[in-house]
Amino acid sequence: MKKLLVYLKDYKKECILAPLFKMLEASFELLVPLVMANLIDNGIAYGDKGYVYRQCIILIALGLIGLISSVTAQYFSAKAAVGYATNVRHHLFQHLMGLSFTEIDTLGTSTMITRMTSDVNQTQTGVNMFLRLFLRSPFVVFGAMVMAFTIDVKSALIFVAAIIGLSTVVFLTMAFNIPMLKDVQKKLDSVLLSTRENLTGVRVIRAFCKEEDEVIAFRNKNQNLTKKQKQSGSISGLMNPLTYVLINLAIVVLIHTGAVQVSNGILTQGQVVALYNYMSQILVELIKLANLIITINKSLACANRIAEVFSLQSSMEEGTYVETKEETAENLVEFRHVCLTYAGAGEESLTDIDFSVKPGQTVGIIGGTGSGKTSLVHLIPRFYDATKGEVLLNGVNVKDYKTEELRKKIGIVMQKAVLFKGTIKSNLAWGSGENETLTDEDFIEAAKTAQALDVVEKKGGIDSEIEQSGRNLSGGQKQRLSIARALAGKPQILILDDSSSALDFATDASLRKSIRELSYHPTVFIVSQRTSSIRHADLILVLDDGKLVGKGTHEELLQNCEVYREIYDSQYKKEEQVS
């Protein structure tokens, strides 16, 4: 929690004024029982209506001043809490964006969403309640006890005993409740993960008639969450009844003691009423304090979870190299005996990958499912770091580059085409980086190269709307616009990671032809399952179980690479048999 307090530094004034105004309100509240005692003893007892009216006016004035103080305190505490939560969300999102793929894979999407939404909201509530009540409630409790001592010492001892008993109940409850609240948040992560998976894969679930199985699995996770919440709630729920029992017992003893004191002429009736009112104030404030402690417990548990994310640092050290001139080395991209092992994996995903690519060449990468094709191309923009060997760009290890500088040189189209809510233009502009000089004609040209011009025209131009995740586009349309986005910034290296799987053969061929005819001649990496997509590449890499089992041209591989020949035959001989 201490790590998160830094986000309140812009609201120091509010953090001071909110509790001060609350204590001002509490001070006027503590005067009310004394006014009531005077009203009873000096007004009602003697039938002095004028005195009663004057005391009533004082009570109304105290109430109005208390109301103004309370509203002012609410304003400052809400401003500080909302500003704090805004700062935390902003910096948390910024921190998550700075993590490497390894840390993001470890955290998981559902956990990141929970911590950025539910956990931050809970800490916001905790800050708000803390500023409003954490000083006010103890101030009223001990203030009421002090005021009771000014009225009668013997009766005030009852207050001391009641406060000790109530404090014991509150802190014991807190000690048992905090670990349970942490478990509740973990179970909530699990429920959110299940929900997200089911909503994302709803079509697959229905296609395989697994609705009932998923409903049962979700119900089990939800029941586990409910069970933990009930256990936590049962402990928290004991606080109010125990508090009421202790307070009411104290009130019974107080009234009995007060009655005896009045009978002996030591106390007046108004003073007993004042003592009763002070005991009632203690009851109300301790109930508030008990609920506040429960809320703060939840907030602390959530704050610790958020702090865990902030303490998680990227495993990739930022480089400092900034290239001053283009293509300083003979080979643009070079892999030197590269190996890759994912975090937590038992074996290598890539083993001893060694090849070099000259500027302007087209490289095809092919292999069976799970052979490591995507893992290989993800090492070039440094989404992951090689665990052994070196990946060089222009003769410099990619680890030495500033990440931003490295990725400016690379345009990549992922396996899954992802578009964002906005316009076609705003999506294509992602590929332009910091180049704000690009015009609409540049975006149109990128769409034309990616064979997506017809998509732009059908939708009504580059300013037409795209829904979240491109829901109003087909799979092929999304892929073509994703390719156009990568081409918009005219990258030095273009990576197409199985990005034509939803395209027909004619469109795929036209796309490759357009890329070859680009005036700036990028170095192109094409990951594909089709030999037709890569057969004209200058260099073809064949992967099998993470190993490079062949490299060369199409004709060379047909002669000396059995894996490539099997892939080729499986695609073309079957077509010949069918025809």
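Helices and strands are here DSSP runs, a helix having at least four residues and a strand at least two. The model is predicted.

**Exercise 1. State how many helices and strands the chain holds, and compare its radius of gyration with that of a compact globule.**

Solution.
- Step 1. The chain contains 20 helices and twelve strands.
- Step 2. For 579 residues, a compact globule would have a radius of gyration near 25 Å, whereas the chain has 35 Å.
- Step 3. The C-alpha trace spans about 115 × 50 × 45 Å along its principal axes.

**Exercise 2. Determine how the span of helix H6 compares with expectation, and locate its kink.**

Solution.
- Step 1. Helix H6 covers residues 153-200, which is 48 residues.
- Step 2. At 1.5 Å a residue, 70 Å is expected; the distance from the first C-alpha of H6 to its last is 68 Å, close to that value.
- Step 3. H6 has a kink of about 35° at Asn 177, shortly before Pro 179.

**Exercise 3. Describe the largest nonpolar core and identify the helix that gives the largest share of it.**

Solution.
- Step 1. This core has 40 residues, and Phe 159, Ile 247 and Ile 282 are among those with the most contacts inside it.
- Step 2. Elements giving two or more residues to it include helix H1 (12-44), H6 and helix H10 (269-311).
- Step 3. The largest share, 15 residues, comes from H10.
- Step 4. Leaving aside residues up to four places away in sequence, Ile 282 touches Val 141, Ala 144, Phe 159, Ile 163, Leu 166 and Ile 247.
- Step 5. Another core, of 38 residues, lies apart from it and includes Leu 428 and Ile 515.

Key. Residues numbered from 1 in each chain as written. Predicted model: local features only at pLDDT ≥ 70, side-chain atom pairs only at ≥ 80, totals over all residues. Heavy atoms only, no water. Expected span 1.5 Å × (residues − 1). Bend = angle between axes of the 7 residues up to and from the residue. Rg over C-alpha atoms; globule rule 2.2 N^0.38 Å. Core = buried A, V, L, I, M, F, W, Y, C linked by side-chain atoms within 4.5 Å. Buried < 20%, exposed > 50% of the residue type's maximum accessible area, 1.4 Å probe, protein only. Contact = heavy atoms within 4.5 Å.
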